[in-house]
Amino acid sequence: GGGGGGGGGAAAAARSGAGAAAAEGGGRASLRAERAACNEREIAHLLAATERAPAEAGQGGEARPGTLADGRVVVAPSRLGAAAGLGLFAGVDIRRGEPITTYDGPVLYREQLPRGHDVSYVLRVPDSGGALIDGKPVADAIRSNAANPASDGFHYPLAGSEWWERGAGAMCNDPRAPPLYNARVAFRRPRGSRSAAELATRSAVLLATRDIASGEEVYFNYRSEKPFEHLRRERQLQELKRRHKEERFDAIRPVWMPNAAAS
């Protein structure tokens, strides 16, 4: 009897400990979520101040990152093939070193990613305590527009969508062929007071690594900036293996035929 009671007590203690650990984990996630929300508010404030700067020039007189609204970047079917889906293209000639567009999206942390979330658009912000930029909303905004493609062949968000004015870097593909790369990701502190800039999560900007002609597709090497890319590739490989196995099974599946001799 005593042994059973002790076992029950140990089990209860274990359950209690597990509950406490889960609560602690949830607390950490909550703190990170609060930090991310604070960072986003700070960034929004800084960006609002940036909008008051001259529209044609960025910091130091450099060109400003493009948006779908100003036409410096456009979205169209990728030249990598149907499997790549949509891609990002230069809407104007872009010189080496110039910003192409920002990699825009909500800032969050790994604990905040919903189960089953498409992580192929998630970009890691280095030296940020685990901050991530989720670029999926821009893809969703474009794909939800049933009027695409437009008469010019490009794909756009719905009229009035915030993604007309925000960066479309998440639509950029990785061809996994070094000679094709013409952009890289750089992380920058927002403009503003030094103290505010230090608090805000750095923004991600696609920079041209060579001159890019209007109409040319933009590519960058995902590398470690896409922390879940290997998981996506593993899932694709597993899906291909599953389909191949089903196709083989269908090919050798026995088919019942009536015995003509017996009839």
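Val74 stands opposite Phe89 in strand β2, and that pairing is a handy place to start. Strand β1 (73-77) is joined to β2 by five bridges, with the two running antiparallel. Two strands count as paired if DSSP finds at least two bridges between them, and the elements themselves are DSSP runs numbered from the N terminus: helices are H or I over at least four residues, strands are E over at least two. Strands of a sheet pair through backbone hydrogen bonds, either parallel or antiparallel.

Before going on, a word on what you are looking at. This is a predicted model, in which local features need pLDDT of at least 70 and side-chain atom pairs count only at pLDDT 80 or more, while totals for chains, interfaces and linings use all residues. Residues are numbered from 1 along each chain as its sequence is written, and side-chain values use heavy atoms, with hydrogens and water left out.

Stay with β2 for a moment. Five of its five residues are buried, so β2 is largely enclosed by the rest of the structure; buried means under 20% relative accessible area, exposed means over 50%, and partly exposed is in between (1.4 Å probe, protein chains only). The cover is there on both faces: Leu86, Leu88 and Ala90 are buried on one side, Gly87 and Phe89 on the other.

Just upstream, Asp70 sits in the loop between α1 (2-50) and β1. At 43% relative accessibility, Asp70 is partly exposed. Its C-alpha atom is 9.0 Å from that of Gly91, a residue 21 positions away along the chain.

Stepping back, the protein has four helices and eight strands. Read from the N terminus, the order is α-β-β-β-β-β-β-α-β-α-β-α. Of the 263 residues, 37% are buried. Contacts (heavy atoms within 4.5 Å) reach well along the chain: among those with a separation of 6 or more, 66% are between residues 24 or more positions apart. The accessible surface comes to about 15500 Å², with 55% of that belonging to carbon and sulfur atoms; these areas come from the Shrake-Rupley method with a 1.4 Å probe, and for residues only the protein chains shown count as cover.

Now follow the chain to helix α2 (residues 136-143), where the buried residues are Lys136, Val138, Ala139, Ala141 and Ile142. An α-helix has 3.6 residues a turn, so residues three or four places apart point the same way. What covers the buried residues of α2 includes β1, β2 and β6 (132-134), which brings the strand pair from the start back into the picture.

Next comes an open sheet of three strands, in the order β3-β8-β7, with antiparallel pairing. Its edge strands are β3 and β7 (183-188), each pairing on one side only. The twist averages 30° from one strand to the next; axes here are lines fitted to C-alpha atoms, for helices over the stretch in contact, and angles run from 0 to 180 degrees between N-to-C directions. Strand β3 (residues 99-103) has five of its five residues buried, so this edge strand is largely enclosed by the rest of the structure. Four bridges link β3 to β8 (residues 203-208), and Thr102 faces Val205 there. On the β7 side there are six bridges to β8, with Phe187 partnered by Ala204.

The loop between α2 and β7 has some backbone oddities. Pro149 is located in this loop, and the peptide bond leading into Pro149 from Asn148 is cis, with omega near -5°. Arg176 is found in the loop too; it has a positive phi of about 55° although it is not a glycine. Arg176 is partly exposed, at 44% relative accessible area.

Finally, the aromatics. Rings of Phe, Tyr and Trp (its six-membered ring) pair if their centres lie within 6.5 Å; planes under 30 degrees apart are stacked, over 60 edge-to-face, and the rest tilted. The whole structure holds three such pairs. One of them, Tyr156 with Trp164, is stacked, at 5.2 Å centre to centre and 10° between the planes. Tyr156 is buried, with a relative accessible area of 15%, whereas Trp164 is partly exposed at 24%. Together with Phe154, these two form one aromatic cluster. Arg166, meanwhile, lies over the face of Trp163, 4.4 Å from the ring centre; a charge sits over a ring if NZ of Lys or CZ of Arg is within 6 Å of the ring centre and within 35 degrees of the ring normal.
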